[in-house]
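The following exercises concern the structure shown below. Each task is followed by a solution that proceeds step by step.

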Amino acid sequence: MPSKSTTATKSAGASKSSASATATAPARRSAPKRGKGPSANVRQAAELLKQVSDPTRLQVLMLLTEKERNVSELCTDLGSTSQPAVSHHLALLRHGRLIEPRRTGKHNYYYLTDAGRELAQVVDAIV
């Protein structure tokens, strides 16, 4: 019959090895491979939809389908949205290449690009 110290050592060693196996187990797991991933068209569509995922940005996009506007006009049309907030949303839409500015005097007038117009048509069909 083994002594208590030998049994305790074996069980302590077993718990250490199971603890280290548990600690490294998540590192060994990997997500199942599913082909090549999303196509370029799907990724592009996802990026466009991210651009208008905010209700204010979506509203700006839809307002620009009617006519080009400057920040002051957009603030008036949006109601309670502040000028800095509208400018921030315009910058995000501009970086997403959905709108472009046209400078006239002291004002920038924003209009939809071809991609912005296509996205607005899709949104209009949904809403």
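**Exercise 1: The paired strands**

In β2, Tyr109 is the bridge partner of Arg102. The model is predicted, so local features are reported only at pLDDT of at least 70 and side-chain atom pairs only at pLDDT 80 or more, whereas totals for chains, interfaces and linings use all residues. Residues are numbered from 1 along each chain as its sequence is written, and side-chain values use heavy atoms, with hydrogens and water left out.

Task: Determine how many bridges join β1 to β2, and in which direction the strands run.

Solution. Step one is to fix the terms: strands (E, at least two residues) and helices (H or I, at least four) are DSSP runs, numbered from the N terminus. Two strands pair if DSSP finds at least two bridges between them. Step two is the count: six bridges join β1 to β2, and the strands run antiparallel. Step three adds a further pair, as Glu100 stands opposite Tyr111 in β2. Step four turns to the hairpin of β1 and β2, where two residues lie between the strands and Gly105 takes a positive phi near 65°.

**Exercise 2: Helix α5**

Task: State why the length of helix α5 agrees with expectation, and identify what its buried residues pack against.

Solution. Step one: the expected span of a helix is 1.5 Å times one less than its number of residues. Step two: α5 covers residues 83-95, and its 13 residues should therefore span 18 Å; the end C-alpha atoms are 18 Å apart, which agrees. Step three: the buried residues (under 20% relative accessible area; exposed is over 50%, partly exposed in between, with a 1.4 Å probe and protein chains only) are Val86, His89, Leu90, Ala91 and Leu93. Step four: these buried residues pack against α2 (40-51), α3 (55-66), α4 (71-78), β1 (99-104) and β2 (107-112), where contact means heavy atoms within 4.5 Å. Step five: Arg97, which follows α5, has a positive phi, near 60°.

**Exercise 3: Salt bridges**

Task: Find how many salt bridges the whole structure holds, and describe the partners of Glu47, Glu68 and Arg69.

Solution. Step one: a salt bridge is a side-chain nitrogen of Lys or Arg within 4 Å of a carboxyl oxygen of Asp or Glu. A search of the whole structure finds four. Step two: Glu47 pairs with Lys50, their closest N and O atoms being 3.2 Å apart. Both residues lie in helix α2, three residues apart, about one turn of the helix. Glu47 counts as partly exposed because its relative accessibility is 41%.

Step three: Glu68 forms a salt bridge with Arg102, with the closest N and O atoms 2.1 Å apart. This pair links distant parts of the chain, since Glu68 is in the loop between α3 and α4 and Arg102 is in strand β1, 34 residues apart. Glu68 is partly exposed at 29% relative accessible area, and Arg102 is partly exposed at 35%.

Step four: Arg69 bridges to Asp77, the closest N and O atoms being 2.5 Å apart. Arg69 counts as buried because its relative accessibility is 6%, whereas Asp77, at 36%, counts as partly exposed. Salt bridges with shared partners join Glu66, Arg69 and Asp77 into one network.
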